[in-house]
Amino acid sequence: MMTRRSLFLNAAATGAALTLASASGAVAGGAKKKGTFEGRSKHITTGSVKVVKDRDRFIVELGEDFSLDNGPDPRVAFGKDGTYDPNSKLGALLNLKGKQKYAVPPTMDISGYNEVYIWCEVAGVPLGVAALS
């Protein structure tokens, strides 16, 4: 049975999920951008998130304290100044709680984003947003 986690791990094994951008100025030099989730659309979303550069890779890391109450088809993505970008999806949320990592595709320039979203693909609404600083 193919789960979200096994799908992500299978992609990682082939290198598809872990090929990350190296030229973005968003977190140049290994610096971190971080934030804390706030719930949206009557959902409870809490916990920390950070965007880190690991060698030449950018990764979005949800903290061990991350929690989402529920929601159909949640996705991890970026946005700017309160506006979700549908072209910035990093993948399906792997778990409703706990530490998770999501690779940023090599074609995505993350320098223009200042928020991480947990987005409900089915309903087209945010479940949680974290402003990055």
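Biologist: Hello! Which residue in β7 stands opposite Lys-80?

Modeller: Happy to help: β6 and β7 (residues 83-84) run antiparallel and are joined by two bridges; a strand here is a DSSP run of type E, at least two residues, numbered from the N terminus. Two strands count as a pair if DSSP finds at least two bridges between them. Across from Lys-80, the residue in β7 is Thr-83.

Biologist: What kind of model is this?

Modeller: Residues are numbered from 1 along each chain as its sequence is written, and side-chain values use heavy atoms, without hydrogens and water. Local features need pLDDT of at least 70, side-chain atom pairs count only at pLDDT 80 or more, and totals for chains, interfaces and linings use all residues, since what you see is a predicted model.

Biologist: Which residue takes a positive phi in the hairpin of β6 and β7?

Modeller: In this hairpin, two residues lie between the strands. Phi is near 50° at one residue there, Asp-81.

Biologist: How many residues of β6 are buried?

Modeller: Buried means under 20% relative accessible area, exposed over 50%, and partly exposed in between (1.4 Å probe, protein chains only). β6 covers residues 74-80 and is largely enclosed by the rest of the structure, because the buried ones among its seven residues number five.

Biologist: Which residue in β10 stands opposite Val-76?

Modeller: β6 pairs with β10 (residues 115-120) in the antiparallel sense, over six bridges. Val-76 also has a bridge partner in β8, namely Gly-91. In β10, the residue opposite Val-76 is Ile-118.

Biologist: How many residues are in the largest nonpolar core?

Modeller: A nonpolar core is a set of buried Ala, Val, Leu, Ile, Met, Phe, Trp, Tyr and Cys residues joined through side-chain atoms within 4.5 Å. In the largest one, Val-60, Leu-62, Phe-78, Val-116 and Ile-118 have the most contacts. Two or more residues come from each of β3, β4, β6, β10 and β11 (125-131). The residue count of this core is 24.

Biologist: What is the relative accessible area of Lys-42?

Modeller: Lys-42 lies in the loop between β1 (33-39) and β2 (45-46). Its phi is near 65°, a positive value in a residue other than glycine. Most residues other than glycine have a negative phi. Lys-42 is exposed, with a relative accessible area of 85%.

Biologist: What phi does Arg-55 have?

Modeller: Arg-55 sits in the loop between β3 (48-54) and β4 (57-62). Arg-55 is exposed at 73% relative accessibility. Although Arg-55 is not a glycine, its phi is positive, at about 60°.

Key. Helices (H or I, at least four residues) and strands (E, at least two) are DSSP runs, numbered from the N terminus.
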